[in-house]
Structures are given as structure tokens and as C-alpha cells.
2 protein chains.
Amino acid sequence: MSSETAKKPKKKTPRRHGPAERPGPEGGKRAENRRRRLRAIERAGLELFLERGVESVTIDEIVGGAGIAKGSFYRYFRDKEDLVEAIMAPVAEGVTAALAKAEQVLDEATTEAQQRAAYFELAVALAQAFIANPDPVKLYLQEGRGPAVGARRPLRQLADRVMEQTVKLTRIAREHGLLRPFPARVSALAVIGATEQLTFRVLSGEDLGDLSKVPGDLISLVMDGLRP
Amino acid sequence: MSSETAKKPKKKTPRRHGPAERPGPEGGKRAENRRRRLRAIERAGLELFLERGVESVTIDEIVGGAGIAKGSFYRYFRDKEDLVEAIMAPVAEGVTAALAKAEQVLDEATTEAQQRAAYFELAVALAQAFIANPDPVKLYLQEGRGPAVGARRPLRQLADRVMEQTVKLTRIAREHGLLRPFPARVSALAVIGATEQLTFRVLSGEDLGDLSKVPGDLISLVMDGLRP
DNA sequence: GAAAACCGTGACTATTTAGTCAGCATATTC
DNA sequence: GAATATGCTGACTAAATAGTCACGGTTTTC
């Protein structure tokens, strides 16, 4: 508070989310309680975020839903943004890793079969990440286009990372002659957009018929188009 | 109030947005002031919503941005949701009308040429609505997947209407043999998703190369796919 | 099992916020 | 241009909210 230029909440962020600085104990009772509480907070937060939107949910509601005291929230998370980041961490890591892996494999691939296999692997890895974390994925789809300020920042940042990585992959695929020569950004965004919209509506309970057919239909649609 | 039995702010909504019930005057100075103020509020609100998200913006910030007193806001709008609805009205009407018109024309079309013309007209009408209201469209794309509660309700409702109408059109097109036989909802959502994502990123200032080529590329991509 | 480290609690403070309204200002009417 | 209708203002209230912290309970350590 010495220097002026009064920013309200400033960006002081020495440490980030996590149970606390996880002082020292062992793999015993404390660690167990910690895990339980952490999960309770994440679970309650996620449920409320999906129902009412990240920005409208208050810390009081979250602690109420988790059945803990308010002070405990602040032992585990710095603020709401921190909680969102924690909720998204598994998805963010899974998706980022899958995209990075695909890029690396593609760079080293020499045959078209290898290339196709890389894309197939990518699709499988993404599908696994989605299926393992449907609610966080829905939150991402629901709020991921918001401005990168406040509690939604982690969501928007993930969306931007996904876009950039996908553009890279698209560029590689195009250079390998696997795609028609549209600008890579255009192809990538169209594919992301179609995939995300379909995923969002499925996760919203929209009736899309036989769900097991959707992924195949999407790929067929994207690769060969809608024209009969 | 252990759980939630009563509605917090209730849904009392006797009248809706507008300058007021526009008492009586004429086409003179008062009406002029009214219009100016209305536009100032909408402009300030829209700018803040895009920058920081609908739910995070306060009424005080809006009146500050518009340069008016707080009481005046409430003369023109019931609350923030009401303002959002007003901001989106031109787009909502344009899009809804275009989709309804296309449905009607398609129902009466007898030749394939007429059908194709109807889709072309639709594309033109939608493009016009987008170009005439880029900021509201961006707001819709940014927040339109949020839950249909609070100030974002009008945005989500518009998104749902767009989806339903597009599904209808897709179904008609498919029955006319213009599309491959994917489930109509799947095709429709894929097209909407690709279109909206591309539009959102264009409006976010993303570099997509020659912008005049994007619509054509999108159509080509959707109709004939990415495969070379 | 006693001391020490750690943790959870919820009342509390300082802010922020939505919404109101009495009084002054401006436009319209005659 | 006086009388009246309408509109704008901003201080005010009540409610909500983020974040803190002293205290008492729990777990670990020795």
C-alpha cells in the first residue's frame, strides 16, 4: 500500500490454489481431510457455476453448498478465480497434453498412415478427457468465451490455448496435404466451433439421437461436408 | 431457509423496458432527449458488458459511463436484464425474422432452385443483421451459452431460439434431399457452431486473413468438407 | 500423553450494490 | 409567460458481499 496508483484488488498473487502451502504432515488423517474438503468445495462450486454462472455465485453460497465455514474456503483458495482454475486443471492438462503430443508426433511422422494415426490418437485422448470430466468441460463451453478478466479468466485462457494449438495442428495437416487449402485459422475455428457446440448441447441434455453415432457423424461431416 | 423454498427477487415483471411508459408528448424536444439518453445507456452498457462480462458490470458503472444519474437508469430500464434485452432487440428481431421467412419460403418452394435461393436469402439477411450490429452480436456470442438466469437470460434464450429454428430449416433441407442424412440436430448444431465460432473470433479481432473470403470458405467447407 | 503444530469456525468489518424518492429543473400547454 | 406535467438528480437505505482473525478443537510429533 505504499506506492499509489490505487488498483482495487491489484494483481498481487504470490501463491496460488492448493490446500494451503501443504505444510508438512504425511499421508495420514490430515491429508485425507484436506482432500475431502477440497473436493467438497470444488464440487459445490462447480454445481453452482453451472447452474447460475461463475460471476453470479458468491463465496457464501459455495461454502454453504460445501457445508464448511467461510474461513475454510480461504485456506484452500485465494479467491473464486483460483477455484475455477483448480476445477479446470484436469481438463486443461489433459487437453493441453493431448494437443502437444499430437503436434510432436506429427512433426516426426513420415508416412500418411502415421499422420492419420496421430489425429486418431488425438481424438481418442480428447474424448477421454471429456468423458472423464463432463462438468468442467460444460463449464468451459458455457463460459469460455467471456472476457479474460475476473473469475472467468482461466476459462478464456484455456479457450485461447485450445485455439492456438488447433491452428498449429491444422497448419501441419494442411502442409501434409491432408486438408483443402483454406486458411488454417478458418478450418481450425470451424472444426472447433462445430465440435464444441455439439459437445455443449449434448452436455446440456439436448436430444441428439444415438449419442454413439455423433462423433462419427461429426468427423464425416467435417471431412466430407453436408452435400449429398 | 435451509434450502431454498422462496424465490429471492421474485419474477414480478408487470412492464418491460422502454423509455418509460412514454406518457404523452410529441415528436419534440422531450422525445429527442429520451432517445439520446436511451442510446447513451445502451452504448455504455454494451461497452462494459463486452469488456468485463454482463454479470460483473454494476448499474453504477453503467450510469457513470453514460454520464447520467442512477435514478435515470431506472426510468428507462427495470434492471440489467431489461437493458440486455433492449440491446439485443435489433439482432433478435432481425435473426428471428430472417429464419422465419426462410422457413415460410422453403415450405412453399417447389423447385430446387427456389430452395437454394431461400437459403441464399437467409445467409444474406443474417449477414446484414450481423454487420449492422456487430457489438450486440459479439455480446451474444460471448455470453449466449450462459445459464438462462439473471441478466444473461435474454442471451441464452436467443441462442436457444436460433438453434430450434435452424434445426427446422435443416430438417426441411434434408427432406428436400439437399443434405446428407445426418440427424438434423447434428447437422444444424455443427453449422451453427462453426459459423458462430468464426464470427466470434472475427469480432474479437483475430486475424483470419482476407475477411471477404471467410464466408465463402465457410460455406465451401460446410458443404464439401475438408478432405482434398 | 503432553506439547506443538495445524486447522476449522463463524462473527465481524469495511465495502459495494440495487433500488428509492424528495426536491429541483426542464419541457409542454394554454 | 404562467401554470402544469414530466424528467433528472444524487443522497440515502437496506441488503449483500469479500475477506479477516481470535478462538477452540484436532492431529501430529516426540
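Through which surface do the copies, chain A and chain B, meet? The model is a predicted one. In it, 100% of the interface residues of chain A are also interface residues in chain B, so the copies meet through the same surface.

Start with the symmetry. Two copies of a chain are related by a rotation about an axis and a shift along it. Here the rotation is 180 degrees and the shift along the axis is 0.0 Å. With that operation chain A superposes on chain B at an RMSD of 0.0 Å. That is the relation of a two-fold axis.

Next, the protein interface. Chain A puts 54 residues into the contact, and chain B puts in 54 residues. The size of an interface is often given as the accessible area lost when the parts come together. Between chain A and chain B, about 5100 Å² is buried. Carbon and sulfur atoms give 56% of that area. On the chain A side, Arg145(A), Arg180(A) and Leu226(A) lose the most area to chain B. Together they make up 17% of what that side buries.

Polar links also cross this interface. Eight salt bridges are counted between chain A and chain B. One of them joins the side chains of Arg152(A) and Glu143(B), with 3.0 Å from N to O. In addition, 26 residue pairs are in polar contact across the interface, both residues at pLDDT 80 or more.

Which helices of chain A each supply at least two residues of the side that touches chain B? They are helix 1, helix 6 (134-143), helix 7 (153-175), helix 8 (184-203) and helix 9 (214-224). Helix 8 of chain A gives the most, with 14 residues. By class, the chain A side has 25 nonpolar, eleven polar and 18 charged residues.

Now turn to the DNA. DNA strand C is surrounded by 23 residues. The closest are Arg34(A), Arg37(A), Ser72(A), Arg75(A) and Lys70(B). Both chains therefore take part, as helix 1 and helix 3 of chain A and helix 1, helix 2 (59-66) and helix 3 of chain B each supply at least two residues of the surface near DNA strand C. Helix 3 of chain A gives the most to this surface, with five residues. The surface holds six nonpolar, six polar and eleven charged residues.

What does the protein touch on DNA strand C? Of the strand's atoms within 4 Å of the protein, 66% belong to sugar or phosphate and the rest to bases. Base contacts include a polar side-chain atom of Arg30(A), 3.0 Å from a base oxygen. A polar backbone atom of Gly71(A) is 3.2 Å from a base oxygen. On the phosphate side, an N or O atom in the side chain of Tyr76(A) is 3.0 Å from a phosphate oxygen.

DNA strand D has 21 residues around it. Lys70(A), Arg34(B), Arg37(B), Ser72(B) and Arg75(B) are the closest. Sugar and phosphate account for 68% of the strand's atoms that come within 4 Å of the protein. Helix 3 of chain B provides the largest share of the surface near DNA strand D, five residues. By class, this surface has six nonpolar, five polar and ten charged residues.

Individual atoms fill in the picture. A polar side-chain atom of Lys70(A) lies 2.5 Å from a base nitrogen of DNA strand D. A backbone N or O atom of Gly71(B) lies 3.2 Å from a base oxygen of this strand. Ser72(B) places a polar side-chain atom 2.8 Å from a phosphate oxygen of DNA strand D.

Conventions:
Residues are numbered from 1 along each chain as its sequence is written. Chains are lettered from A and ligands numbered from 1 in the order in which they are written. This is a predicted model: local features need pLDDT of at least 70, side-chain atom pairs count only at pLDDT 80 or more; totals for chains, interfaces and linings use all residues. Side-chain values use heavy atoms; hydrogens and water are left out. A residue is near a molecule or strand if one of its heavy atoms lies within 4 Å of it. A polar contact is a pair of N or O atoms within 3.5 Å; within protein, one must be able to donate a hydrogen and the other to accept it, and residues adjacent in sequence count only if both atoms are side-chain atoms. Helices (H or I, at least four residues) and strands (E, at least two) are DSSP runs, numbered from the N terminus. Ala, Val, Leu, Ile, Met, Phe, Trp, Tyr, Cys and Pro count as nonpolar, Asp, Glu, Lys and Arg as charged, and the others, Gly among them, as polar. Contact means heavy atoms within 4.5 Å. Buried area is the accessible area (1.4 Å probe) that two parts lose on being put together, summed over both. A salt bridge is a side-chain nitrogen of Lys or Arg within 4 Å of a carboxyl oxygen of Asp or Glu. Copies are superposed by least squares on the C-alpha atoms of residues with pLDDT of at least 70 in both.
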